[in-house]
Amino acid sequence: MQRATLDLWVGIFVVAGLGALLFLALKVGNMTGFDSASTYTVRAKFENIGGLKPRAPIKSAGVVVGRVSDISFDNGSYEAVVSMKLDSRFKFPKDTSAAIMTSGLLGEQYIALEAGGEEKMLADGDSLKLTQGAVVLENLIGQFLYHKADSPQEADPR
Amino acid sequence: MMDFAQAGLRRIGRRIIDSIWRMGTATRFLALTLLHSGQSFSRFQLTIREIFSAGVLSLIIILVSGLFVGMVLGLQGYETLQTYGSEEALGILVSLSLVRELGPVVAALLFASRAGSAITAEIGLMKATEQIAAMEMMAVDPIARVVAPRFWGAVISMPLLAALFSAMGIFGGYLVGVVLIGVDEGAFWSQMQAAVDFREDILNGVIKSVVFGVAVTVIALFEGYDAPPTAEGVSRATTRTVVTSSLAILGLDFILTAFMFSGV
């Protein structure tokens, strides 16, 4: 087959295009995430998840150890059921507690895991017993105002 | 008075019926192109030549505009984010807006005006100078020989061009944000990597650019093939290609975005 300079240019173009895609995949996106690594699923019930979204990070000691895979509603206990995919490199005791936190004042919400002291480790399909839901700012302000109104009035100086 | 209203109504009706008619013909044309595209793969040299004229020749405009769009995003984004003290999020802003929206859409708009208009003018002139009729006389199928390689060349080029546009834009944003203004380099890249998902963002951007590529190319090829064989006809068809495909890109972009990013 005859080789032409045109082929060279098209080759350069295709290689550059694929290189750009690779750059996007590896440097911009994070393809070496947890999607490919093996994971185990743990569930937890929260009374309020606030603005937690699927794919939100799960952190322990500030390190990302997994992602939220699914959020559903339990019609028996009227609580939110959050399924979490944890990287199987990281093991946690059975009495680990989960809390929904906010990174920064207005940042995204994530689940923080606090390791317990039990010997047995969490396995696939287990659920966490100790949970703390999201702090709802409106409730907090409401409680504060209610508390203020309830406290005894200072004596009239007159 | 009555006659006047009637004539106006009739004209509107004719316009609508005519455009539906053209829509059907264009769909049949696309089906015919797909059916006759065996030759553009068995004789791949034909397609390579079209990748050259559609893709390689659009490289300069795509790369330069990508760089400048990224640089502008970096500047404007910094100005706004700085007021909230979160200029580290510049990487997220630049990369997500490029990968999800601006990369595919602006690259497709540039592609429509750079390569789409050229395709229409070329095929329209081929028809006007009776080259297509001559091919039919020699029992060469013009759809298989002329149209299908152009279709595949442009459809292959489009996602590569969009990826190059996005990559160049992110480099431009990096240049302005990190090198010029002095946002922390580690935060720029790491926040970007934490926020951009391969499947959700990058792959959806690629899907968008493929859809835009097909839309632009079909419109360009059909307008060229359908153009009246006169100088005026070819010029009108070229204009129509750019206008119609720009509108199609923006309309399709809305539909695709609603599908891809509105849920969850």
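The following exchange introduces a predicted model of two chains, A and B.

Biologist: What ipTM does the predictor give the complex?

Modeller: The model is a predicted one. For the complex, the predictor reports a pTM of 0.76. The ipTM given is 0.79.

Biologist: What is the mean pLDDT of chain A, and where in chain A is confidence highest?

Modeller: In chain A, 86% of the residues reach a pLDDT of 70 or more, and the mean is 82. Confidence is lowest in helix α2 (residues 137-150) of chain A, at a mean of 82. It is highest, at 90, in strand β4 (residues 79-87) of chain A.

Biologist: What average pLDDT does chain B have?

Modeller: In chain B, 99% of the residues score at least 70. The average pLDDT of chain B is 90.

Biologist: How many helices and strands are there in chain A, and what pattern do they follow?

Modeller: Chain A contains two helices and eight strands. Read along the sequence, a helix comes at the start of the pattern and another at its end, with the strands in between. The pattern is α-β-β-β-β-β-β-β-β-α.

Biologist: How many helices does chain B have?

Modeller: From the N terminus on, the elements run α-α-α-α-α-α-α-α-α-α. Chain B has zero strands, and its helices number ten.

Biologist: What share of the residues counts as buried in chain A, and what share in chain B?

Modeller: Chain A has 158 residues, of which buried residues make up 20%. Chain B has 264 residues. Of these residues of chain B, the share that counts as buried is 43%.

Biologist: Among contacts in chain B between residues at least 6 apart in sequence, what percentage joins residues at least 24 apart?

Modeller: In chain A, 64% of the contacts between residues at least 6 apart in sequence join residues at least 24 apart. For chain B, the corresponding percentage is 86%.

Biologist: How many residues does each chain bring to the contact between chains A and B, and which classes occur on the side of chain A?

Modeller: The contact takes 19 residues from chain A and 25 residues from chain B. By class, the side of chain A that touches chain B has two charged, three polar and 14 nonpolar residues.

Biologist: Is L164(B) buried or exposed?

Modeller: L164(B) lies in helix α7 (residues 142-181) of chain B. A residue needs 20 or more other C-beta atoms within 10 Å to count as buried. L164(B) has 27 C-beta neighbours inside 10 Å, and therefore it counts as buried.

Biologist: Which residues of chain A are in contact with L164(B)?

Modeller: Neighbours within four places in sequence are left aside here. Within chain B, L164(B) is in contact with I62(B), L63(B) and G66(B). In chain A, its contacts are A16(A), G17(A) and A20(A).

Biologist: Are α4(B) and α7(B) parallel or oblique to each other?

Modeller: The axes of α4(B) and α7(B) come within 7 Å and cross at roughly 40 degrees. The crossing is right-handed, and the residues of this contact divide into 18 nonpolar, seven polar and no charged. Angles under 35 degrees count as roughly parallel. At the crossing angle given, α4(B) and α7(B) are therefore oblique.

Biologist: How do the axes of helix α3 (residues 44-54) of chain B and α7(B) cross, and which residues of α3(B) make the contact?

Modeller: These axes come within 8 Å and cross at roughly 55 degrees, and the two helices are therefore oblique to each other. The crossing is right-handed. From α7(B), the contact includes P149(B), R150(B) and W152(B). From α3(B), the residues are L46(B), T47(B), E50(B), I51(B) and A54(B).

Biologist: Why does F68(B) count as partly exposed?

Modeller: F68(B) lies in helix α4 (residues 59-83) of chain B. A residue is exposed with 12 or fewer other C-beta atoms within 10 Å and buried with 20 or more. F68(B) has 13 such atoms within 10 Å, and so it is partly exposed.

Biologist: Is D226(B) buried or partly exposed?

Modeller: D226(B) lies in helix α9 (residues 198-226) of chain B. The C-alpha atoms of D226(B) and M260(B) are separated by 34 Å. With 18 C-beta neighbours inside 10 Å, D226(B) counts as partly exposed.

Conventions:
Residues numbered from 1 in each chain as written. Chains lettered and ligands numbered in written order. Predicted model: local features only at pLDDT ≥ 70, side-chain atom pairs only at ≥ 80, totals over all residues. Contact = placed C-beta atoms within 7 Å. Nonpolar A, V, L, I, M, F, W, Y, C, P; charged D, E, K, R; others polar. pLDDT = per-residue confidence, 0-100. Helix = DSSP H or I, 4+ residues; strand = E, 2+ residues; numbered from the N terminus. Axes fitted to C-alpha atoms, helices over the stretch in contact; angles between N-to-C directions. Parallel < 35°, antiparallel > 145°, perpendicular 65-115°, else oblique. Left-handed = near helix turned anticlockwise from the far one by under 90°.
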